[in-house]
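Subject: Structure handover and notes

Dear colleague,

I am passing on the structure we spoke about, together with my notes on it. Please have the sequence and the model open side by side while you read.

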Amino acid sequence: MLVVVLLSILFLNVTYKRFNIYRYKGAVGILIYILFFNLGSLFCLLNNESLNQNYFAKTNCNYLKVWVNNEPQQNGNIVRFKAKVRSGYLKGKQISLSGQMLLTVKLDSLKPIQLKYGDEMMISVSYTEVEPPYNPAEFDFKAWLGSQNIYHQAFIDQNHIVSTKKNVGNSIIKMALNLREKQVAKYRTLIKSDEAFAVASTLILGYRADLSKETLSAYSKTGTIHALSVSGAHVAIIYVVLDFMFFFLNKNSALRILKLLLLCTLIWGYALLTGLSPSVVRSAIMISILITAKVLSKKTNSYNVLAFSAFCQLVYNPFLIWDVGFQLSYLAVFGLIYLQPKIYNLLYTEHNWIDKLWSFTSMSLAAQIVTFPLSIYYFYQFPFYFLFANLFITIPLIFMMYLGIVVLIPSFGFLAPIFEWIINFTNAVLKWIANLPYASFSSIWINLPEFVLLSLSLGLFIYALTKLNKQLLFSSLFLFVCYQLLILRDDLKVFQQRKIIFFSLRKNYAAAFINGKEAILISDINSDDKNYAFSIQPALAQLQLNKISIIDFKKDTVLGQFILKNNQIAFFQYRMLLIDEKLNNKKINGKATFSSIWLSGNTKFNLAKMDVDVKYKTAIIDASNKDYKIQILKKHMENNDKDVHVLKKNKAYLVQISQ
């Protein structure tokens, strides 16, 4: 396809005058877009390491030579990192391999090894494919790793590692990470508050510090989460400082070129120091192009500069197109380029301070408007006080950036208490804003068609207003009505929903009995458990439930249409027999018909002794049973021609209850 489109464009170019191709500029433009789309697809295929002939997972090598391909992240005695595979050993021979995996290492509590970027090692490992999400609305960890070209993972103990005493990483990245490690250590000695230290390390150096849930929630609910990730705004602040510091190099062309080289070197050095995130690289590329054009007295087009920076990053790593930070970063900058001037021109004032305030306001509005559909699609919430919060954080952010860099300079550590106070003050104000009534609209769930309709409607609406085009305006309103109809359909489904979700967990059990916007959750984990937050809560939030009652098997319960009594569960017309440790070594006699039986708690109940008059269609085996027990129960059900659903490393089981 790429060759066909390329030849078509070349043919049109050669016959441009002969066939008056200028009359079909729109068609030529579409062909060019198709060309770049196919080029991007080709780059994705070429960069997909799992398609390579020498991809490590296509061999049976359990002994691999790998090296640490990022900065290891340690949590307690567990350390995780991306391991780049160099070679493997098969039948005593070393073979060259490619690919990378996510490697999790359990450290020795007495003599833990210290791993750094670039460290090479031999490992004895059994790797597996990254598991897909098993529960509704669960975070798709497999797709997230796939967007980073990682398709396998492994878990090993420290004693399965033999270091080769070599470091094969990129020397520049290694130097930058070592430098950042030293600066983080300096922050640790200068800043007393753990929370302030975490914010400072994240904000200035892009170091993934452990921020508290309360602080992260405050930044998220106020729409200022971008301040916690090193982004284009941070690089722009650095550039302003550097441009002011080197003002004396503006005297002649030779000094201006020297200034250009110094600025580009320092900006890219800072980008490297902060981990080369997509937003930082985008900003570094754009600023480099803009200051180069300024020195050479050339005109620039902001859209072309933005597109060129995206093109450069995607050529290097085409998988960045799936990165949420990449998408939001470029959308926000596009909003600043296209929409901000239009919003700013709506209000004119002669007062300098009011004009500056309106300028900041228009920037915040522009960025928030264009990223609004994508934000609610990914994060399911919208900050109501984003404008106030962003206006507030602007000045503290500038002070934090300047002071954060200055305190790292020797002899300026005495400014650290001021730096720490500004961080704590900013956090306190944002937490206050986040706790205001209606601080954010949460649990906003939209699917892909709704996201597309909302985005098209918003885009057409903005363009129609700028061009004063009635047809486009009515088109945008029509798309918005379609979007609202889909939302209304979803809301009606929520009020009418009757279903049971048996969740797939690692070692526990959970089942939600849902009627409208209410649910009874039977589970042996509470709402504070991380497994609840990861596997159960997203599904309940997506279903827009406003009342959830958590119970367990041990107590008989009657709530509305839900009845749990004598190891039996009734929910509308669905009846279930619960077989757990209460029925160990017991018999079930009598005559009864159940929709399903639920086997839990590694029960010692002998299914062969169940009365033949006790009938059921389906068996559900949860993860509270041991693996050997699951296999025994599963085999019994299959031998008796019963449908069986194992809730461990399998999809959650959904039962729809008819009205």
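The notes below take helix packing, then strand pairing, then two backbone positions.

Please keep in mind throughout that this is a predicted model.

Helix packing

Two packed helices are described by the angle between their axes and the distance between those axes, and I give both values for each pair here. Helices α14 and α15 pack at an angle of about 165°, with their axes 10 Å apart. Since angles over 145 degrees count as roughly antiparallel, α14 is therefore roughly antiparallel to α15, and the crossing of the two is left-handed. On the α14 side the contact includes F388, F392, F399 and L403, and on the α15 side the residues they meet include F419, I422, V429 and W432. Taken as a whole, the residues of the contact of α14 with α15 divide into 17 nonpolar, two polar and no charged.

Helix α15 also packs against α5, which spans residues 194-205, here at an angle of about 95° and with the axes 9 Å apart. An angle between 65 and 115 degrees counts as roughly perpendicular, so α5 is roughly perpendicular to α15. From α5 the contact is made by E195, A196, V199, A200 and I204, while α15 contributes F419, E420, I423, N424 and N427. These residues divide into six nonpolar, two polar and two charged. It may help to look at F419 and I423 of α15 in particular, as both are listed in the contact with α14 and also in the contact with α5.

Strand pairing

There is an open sheet of five strands, with the order β15-β14-β13-β12-β23 and mixed pairing. Strands β15 (547-551) and β23 (653-656) stand at the edges with a single partner strand each, so one side of each is left without a neighbour in the sheet. From one strand to the next the twist averages 15°. The partner of the edge strand β23 is β12, residues 498-502, and the two pair in the antiparallel sense over four bridges; within this pairing, K499 has Q656 of β23 as its bridge partner.

Elsewhere, strand β8 (residues 152-157) runs parallel to strand β5 (residues 100-106), to which five bridges join it, and V105 stands opposite I156 of β8. Strand β7, residues 128-129, runs antiparallel to β8 and is joined to it by two bridges, with E129 standing opposite H152 of β8.

Two backbone positions

Most residues other than glycine have a negative phi, which is the background for the last two entries. Y380 has a positive phi of about 60° although it is not a glycine, and its place is in the loop between α13 (352-379) and β10 (382-383). Because its relative accessibility is 28%, Y380 counts as partly exposed. S411, likewise not a glycine, has a positive phi of about 80° and lies in the loop between α14 (386-406) and α15 (416-434), the helix pair described above as roughly antiparallel. Because its relative accessibility is 69%, S411 counts as exposed.

With best wishes

Notes
Residues are numbered from 1 along each chain as its sequence is written. This is a predicted model: local features need pLDDT of at least 70, side-chain atom pairs count only at pLDDT 80 or more; totals for chains, interfaces and linings use all residues. Side-chain values use heavy atoms; hydrogens and water are left out. Buried means under 20% relative accessible area, exposed over 50%, partly exposed in between (1.4 Å probe, protein chains only). Two strands pair if DSSP finds at least two bridges between them. Axes are lines fitted to C-alpha atoms, for helices over the stretch in contact, and angles run from 0 to 180 degrees between N-to-C directions. Angles under 35 degrees count as roughly parallel, over 145 as roughly antiparallel, 65 to 115 as roughly perpendicular and the rest as oblique. A crossing is left-handed if the near helix is turned anticlockwise from the far one by less than a right angle, and right-handed if clockwise. Contact means heavy atoms within 4.5 Å. Ala, Val, Leu, Ile, Met, Phe, Trp, Tyr, Cys and Pro count as nonpolar, Asp, Glu, Lys and Arg as charged, and the others, Gly among them, as polar.
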